[in-house]
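This report describes selected features of the structure shown below. It treats the two chains in turn and closes with a single loop residue.

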Amino acid sequence: MTRLSSAFPSDRAALVAFVTGGDPSPADTATILDALVEGGADIIELGMPFTDPMADGPSIQEANIRSLGAGTKTADIFAIAQAFRERHPDTPLVLMGYANPMTIRGADWFAEQCKAAGVDGVICVDIPTEEDDSLGPALRAQDIATIRLATPTTDDARLPAVLDNATGFLYYVSVAGITGQQQAAQDSIAAAVAKLKAQTDLPVAVGFGVRTPEQAADIARVADGVVVGSAIVEIVGEHGKAAGPHVRDYVKSLSDAIRSAR
Amino acid sequence: MNETSPNSFRNQPDDRGHFGEFGGRYVAETLMPLILDLETHYRAAQQDPAFAEEFDDLLEHYVGRPSPLYYAERLTEDVRKDAPDGKGAQIWFKRDELNHTGAHKINNCIGQILLAKRMGKTRIIAETGAGQHGVATATVCARFGFPCTIFMGATDIERQKPNIFRMKLLGAEVVPVTSGSATLKDAMNEALRHWVAHVHDTFYIIGTAAGPHPYPELVRDFQSVIGKEARAQMLDRTGKLPDLLVAAIGGGSNAIGLFHPFLDDRDVKMLGVEAAGRGLDKEHAASLAGGGPGILHGNKTYLLQDEDGQIDEAHSISAGLDYPGIGPEHSWLKESGRVDYDSATDREALDAFQLLCRTEGIIPALEPSHAIAAVTREAMKMERDQIILANLCGRGDKDIFTVAEALGTEM
Ligand SMILES: Cc1ncc(COP(=O)(O)O)c(C=O)c1O
């Protein structure tokens, strides 16, 4: 059992919570990550800031700018991850970000850093399966999960390629769009998840545009995981270094809804 | 036309869109099926004589091709005045500034709008830096009746005002982009974000030979009309091939369009000229000279970036060159040694701009002014019977405000 595979309980959906690392500053991220865990998040997605977050909407773009503006370096992200691992030995931590910061020093370097910091998986937004060899093999060699994204545009013909070498869980991006915009209709989510689950044994987590406990509960009824990002990042944006308790309360409202959904 | 052999420089990219280690398809999964679909349609179009026929017809009767090949006699004389004895190569220009809309950008837009039509897409988006690609895109959209949205950095909107009005006259919506440095790279980010949310009906006309495969290849192919014409015209006029080709490089489309048809002519040297801005040790836009390999905007290529892979802001007086990356084929041509790359500063480009105005009665765009600066340097070192062919890829009407300001002149 890896930390990731045991993070999806059989009787309810897991809550996957995203924040941008180093937002509002590298020193303040630990408190916010702890608030995610206290609020009931099962899996933490730690965003690696990037100057050009092409798949992100305004909320996460601004978080990237705040983080980089506070001087966050890649070394800070690994330090944040490692300290988290020491405080929370059992909570899976996944790095999410863009190809360039992940590959600039070589895929092997990145994979070794992930291993040393106790990172469980990596989601790289702009490395599709076609370019897997620029990062995937190095990560899998270190037993780091390569978490793939499936989207509404991933058709049946393409899905096997996406699932090939996918590990950890499958992240279903429920809308064709950028982060933080509208949510997909519940019917389409249920249908998409059913289709994906027919093709893979991996847990399927659904995200993009989830904001309210009601939405989270709806998804929790049909999927193995619910991913929430922009809504948390906005709380960090509003409250800055004092965001901890606000984040915890909000995450708890999601977690409670998910726990009573089924 | 010359054959492509296994040793050819003209048979890139491979079937995954890689030029050596560069290029590729580094896009979000949402876009991936679309990129594959684009490739399928492009391959079909390449096999379809009707596609080539329509493209050629529009280039001839709408764009005004072939563009002239022009011997710049007074510029050549001017260089010879200061050159060592016997030195001072002949300077020739491929006059793509005479195209409809004033730059080479329209060649590519014609090709891509025909692809959009083939694919049944109903709306067009594009990014623009100088506004030349925006104007060219708005133009073909008007010509073919497509709604058109252009993303443009707020900083660039400020310095390229005439082109904003042109785009609006042509019926395009211009969306100011304020994120990041509010220039070309941010406009491209925003266009990609918009595209991801409108994949089903929207075609993205990328303006340079960069982005995810197959864009670098298809933009190159559409722009190669420049080099094909120039090669035939030069043989016709002088009976020989040029000794040196020179072109300015933003993303690299006018340069690859000129170079590509000559790549297997081993005696033809080539020089791509990046924007050195305030100097290579200061703020500049020369990703080959001052950057390293990385991944941005769908492809692996040379980028201006820090040690963590964060993208640096570029600077050039020319909005069209103000981009921290370069098309992947140029990264490969640099590493393979087939093409040389150099740079010219804002100051050198301004001087070359004025020199061409006065010696030839041609007001060039600031982008090719960088190439002209390099041409005058190179011509001094070359023999009088040698030939330099430079791509005069845009006219300077759009830049007169910027130049006036840089020269401290009231208009
Ligand atoms: C006249 C002109 N030349 C050159 C460029 C740079 O692009 P590329 O390097 O793709 O030719 C631009 C871009 O806007 C332009 O307007």
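Two strands count as paired if DSSP finds at least two bridges between them. Strands (E, at least two residues) and helices (H or I, at least four) are DSSP runs, numbered from the N terminus. This is a predicted model, in which local features need pLDDT of at least 70, side-chain atom pairs count only at pLDDT 80 or more, and totals for chains, interfaces and linings use all residues. Residues are numbered from 1 along each chain as its sequence is written, chains are lettered from A and ligands numbered from 1 in the order in which they are written, and side-chain values use heavy atoms, with hydrogens and water left out.

**Chain B: strand β14 and helix α1**

Strand β14 (residues 387-391) of chain B has parallel partners that include the two strands tabulated here.

| Strand of chain B | Bridges to β14(B) | Bridge partners |
|---|---|---|
| β4 (residues 90-94) | five, parallel | B:Ile91 with B:Ile388 |
| β9 (residues 244-248) | three, parallel | B:Val246 with B:Ala390 |

Five of the five residues of β14(B) are buried, a term that means under 20% relative accessible area, with exposed over 50% and partly exposed in between (1.4 Å probe, protein chains only). B:Ile387, B:Leu389 and B:Asn391 point one way from the strand, whereas B:Ile388 and B:Ala390 point the other way.

Helix α1 of chain B comprises 16 residues (32-47). The expected span of a helix is 1.5 Å times one less than its number of residues; for α1(B) this gives 22 Å, and the end C-alpha atoms are 23 Å apart, which agrees. Its buried residues are B:Met32, B:Pro33, B:Leu34, B:Ile35, B:Leu38, B:Glu39, B:Tyr42 and B:Ala45. An α-helix has 3.6 residues a turn, so residues three or four places apart point the same way. The buried residues of α1(B) pack against several elements of chain B, including β2 (22-26), α2 (49-63), α4 (105-118) and α8 (184-197); contact here means heavy atoms within 4.5 Å.

**Chain A: overall form and sheet**

Chain A contains eleven helices and nine strands. For its 262 residues, a compact globule would have a radius of gyration near 18 Å, and the chain has 17 Å, which agrees; the radius is taken over C-alpha atoms, and the globule rule is 2.2 Å times the number of residues to the power 0.38. The C-alpha trace spans about 45 × 40 × 35 Å along its principal axes. Buried residues make up 63% of the chain. Of the contacts with a separation of 6 or more, 72% join residues 24 or more positions apart.

An open sheet of nine strands in chain A has the order β5-β4-β3-β2-β1-β9-β8-β7-β6, with parallel pairing. Strands β5 (145-146) and β6 (148-150) stand at the edges with a single partner strand each, so one side of each is left without a neighbour in the sheet. Within this chain, β2 (residues 43-47) and β3 (residues 93-97) pair over four bridges, and A:Glu45 stands opposite A:Val94. Helix α1 (residues 29-39) of chain A lies across β1 (14-20) and β2, running at about 150° to β2(A); axes are lines fitted to C-alpha atoms, for helices over the stretch in contact, and angles run from 0 to 180 degrees between N-to-C directions.

**A loop residue of chain A**

A:Ala166 is located in the loop between α7 (159-163) and β7 (170-173) of chain A. Its relative accessibility is 12%, so A:Ala166 counts as buried. Beyond its neighbours within four places in sequence, A:Ala166 is in contact with A:Thr146, A:Arg148 and A:Leu202.
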